[in-house]
Amino acid sequence: MIALVDVNNFYVSCQRVFEPKLMGKPVVVLSNNDGCVVARSSEAKALGIKMAAPWHQLRDFAQQEGIIARSSNYALYADMSHRVMTILSRFSPNQEIYSIDECFLSFDGLLQDHTELAQDIRRTVLQWTGLPVCVGIAPTKTLAKLANHIAKKQAPFNGVCAWQQLNPNQQDAQMQALPVGDVWGIGRRISERMAQEGIHTIADLRASNADQIRQRHSIVVQRTVHELRGIPSIELEESTPDKQQILCSRSFGQEIYTEQELGEAISTYIARAAEKLRQQGSLAGSLAVFIRTNPFRPKDPQYSQHILVPLTQASDDTLLLTRAALWVLKRIYRTGFAYAKAGVMLCDLQPRTAVQGHLFLQTADPIKRAALNKVMDDINRQWGRGSIRVASAGFNHGWKMRQNTLSPYWTTRWADLPIVR
DNA sequence: TCTGGGGTCCTATGCCGA
DNA sequence: TCTGTCGGCATAGGACCC
């Protein structure tokens, strides 16, 4: 049996833990750069605020309706996520952390009443963190996701839906009432295609011919059909595999024009990406850099370019990667454009232990370099990201992203600790 | 003025050599 | 020597997730 536990409106709920005055009010959390809405309280949803709605289009409406916005505070969400996951791990030895706000727990030969167990999970997480969660329990991951969806949307369930405790008629009724697009793994495009094939509801999909689904769609969708029938076809992944690529990209707070400024941004992103790379103990075999203008302003001259270059020898050295990235930037940079976004991608990742040496290459002393990178990581961890950095990352970041309504780092910075009277 | 960021997996396609 | 076929591989792009 598999449970899917998911925090309600996660980012908004995190903000509310430390700002109780936000309770009961329409609240939204904005993406990086305060670009668009990425989390909404139920009150905001009720006002018709759509997911991913551009914030600048909503400004007036928000003011009118008293909608409160917060810039996203990822340090806070990551810390709160860690607390929730730690608590949930007490309920089962088998946990798959699926995203920042949800995880699967598996229970072998579960004897306890499913609903009782799930309510216990809800109470514990709420009491220990202040965050509300919903729980779906079912024999497969896809059904657990569906049960969670039902628990979240239908008030009588009180935040918990144990699929096996519904009788077959109730299960059918639920599946007939829900559109196929509500199934985990069925997105907009596949829903559209299925509509043409006469598959509209989840019940339709469950009753479809799995072999034909394989033909018309893919093996992935076929697995989903099996899962809907209660046949486990998607494994629980308890260990997170190493990343195969690491990407760091940002839109700029304001447009920039010069290679110098783009270089600062690229250097900053490389530093961050390389830090992640070292954290997982990998080396990058190749590296890509991209820059682009603002596609939302089609009347402006548009330019978008990227180049992927192999590295002579795989590396996790910030200095070496920075030099390579700036070399690439020089190749793709064109004057006369207003650049809105840039990014770097580290690809062809391999374990540090399996380096292929290079017969003729002369590099800086690798042991000294590794020590240098470690010291930089240590300093930045203790004193804050960017405390020590390569000079090409610059100092006056005019391109830094907008975060006009950023809350304090309540749980991860001493100066921001809340005071309780 | 103002439209996010970070991932994965799968399939189609074209090239190459056996 | 030429031609057809097939599998392996790299790559690009589409689809999905949060």
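# A tour of the DNA contacts and salt bridges

Select strand 9 to begin: with six residues, this strand gives the most to the surface near DNA strand B. The model under view is predicted. Strand 9 covers residues 246-256, and helix 3 (55-65) and helix 11 (219-228) may be added to the selection, since each of these three elements supplies at least two residues of that surface.

**DNA strand B**

Next, display the residues around DNA strand B, which number 27; those that come nearest are Ser31, Leu247, Ser249, Arg250 and Ser251. Of the atoms of DNA strand B that come within 4 Å of the protein, 71% belong to sugar and phosphate. Colouring this surface by residue class gives eight nonpolar, ten polar and nine charged residues.

Three contacts to phosphate oxygens of DNA strand B can now be inspected in turn.

- Ser251: a polar backbone atom is 2.5 Å from a phosphate oxygen of DNA strand B.
- Arg250: an N or O atom of the side chain is 2.9 Å from a phosphate oxygen of DNA strand B.
- Arg223: an N or O atom of the side chain is 3.5 Å from a phosphate oxygen of DNA strand B.

**DNA strand C**

Move to DNA strand C and select the 13 residues around it, of which Lys145, Gly185, Gly187, Arg189 and Ile190 come nearest. Here sugar and phosphate make up 100% of the strand's atoms that come within 4 Å of the protein. Highlight strand 5 (94-99) and helix 8 (188-196), each of which supplies at least two residues of the surface near DNA strand C. The largest share, three residues, comes from helix 8. By class, the surface near DNA strand C comprises five nonpolar, three polar and five charged residues.

Among the side chains to display is Lys145, with an N or O atom 2.9 Å from a phosphate oxygen of DNA strand C. Two acidic side chains should be shown as well. A polar side-chain atom of Asp101 lies 3.3 Å from a sugar or linking oxygen of DNA strand C, and an N or O atom in the side chain of Glu102 is 3.4 Å from a sugar or linking oxygen of that strand.

**An annotated span**

Select residues 2-187, which an unreviewed UniProt entry lists as "domain: UmuC". The C-alpha atoms at the two ends of this span lie 23 Å apart, and the span is 43% helix and 20% strand.

**Salt bridges**

Side chains of opposite charge can pair when their charged atoms come close. The structure holds 21 salt bridges, and several are worth selecting.

Begin with Lys152 and Asp6, whose closest N and O atoms are 3.3 Å apart. Lys152 belongs to helix 6 (residues 141-153) and Asp6 to strand 1 (residues 2-7), so this salt bridge ties together parts that are 146 residues apart in sequence. Lys152 is partly exposed, at 40% relative accessible area, whereas Asp6 is buried, at 6%.

Proceed to helix 14 (residues 366-383), where Asp378 and Arg381 are three residues apart and thus separated by about one helical turn. Their side chains meet in a salt bridge of 3.3 Å, N to O. Asp378 is partly exposed, with a relative accessible area of 29%, and Arg381 is exposed, with 62%.

Then select Asp416 and Arg413, whose side chains form a salt bridge with an N to O distance of 3.6 Å. Asp416 is buried, at 16% relative accessible area, while Arg413 is partly exposed, at 42%.

Finally, select Glu19, Lys21 and Arg70, which are linked in a network of salt bridges.

Methods:
Residues numbered from 1 in each chain as written. Chains lettered and ligands numbered in written order. Predicted model: local features only at pLDDT ≥ 70, side-chain atom pairs only at ≥ 80, totals over all residues. Heavy atoms only, no water. Near = heavy atom within 4 Å. Polar contact = N/O pair within 3.5 Å; in protein donor to acceptor, adjacent residues only side chain to side chain. Helix = DSSP H or I, 4+ residues; strand = E, 2+ residues; numbered from the N terminus. Nonpolar A, V, L, I, M, F, W, Y, C, P; charged D, E, K, R; others polar. UniProt positions renumbered as here; feature names shortened; annotations may be inferred. Salt bridge = Lys/Arg side-chain N within 4 Å of Asp/Glu carboxyl O. Buried < 20%, exposed > 50% of the residue type's maximum accessible area, 1.4 Å probe, protein only.
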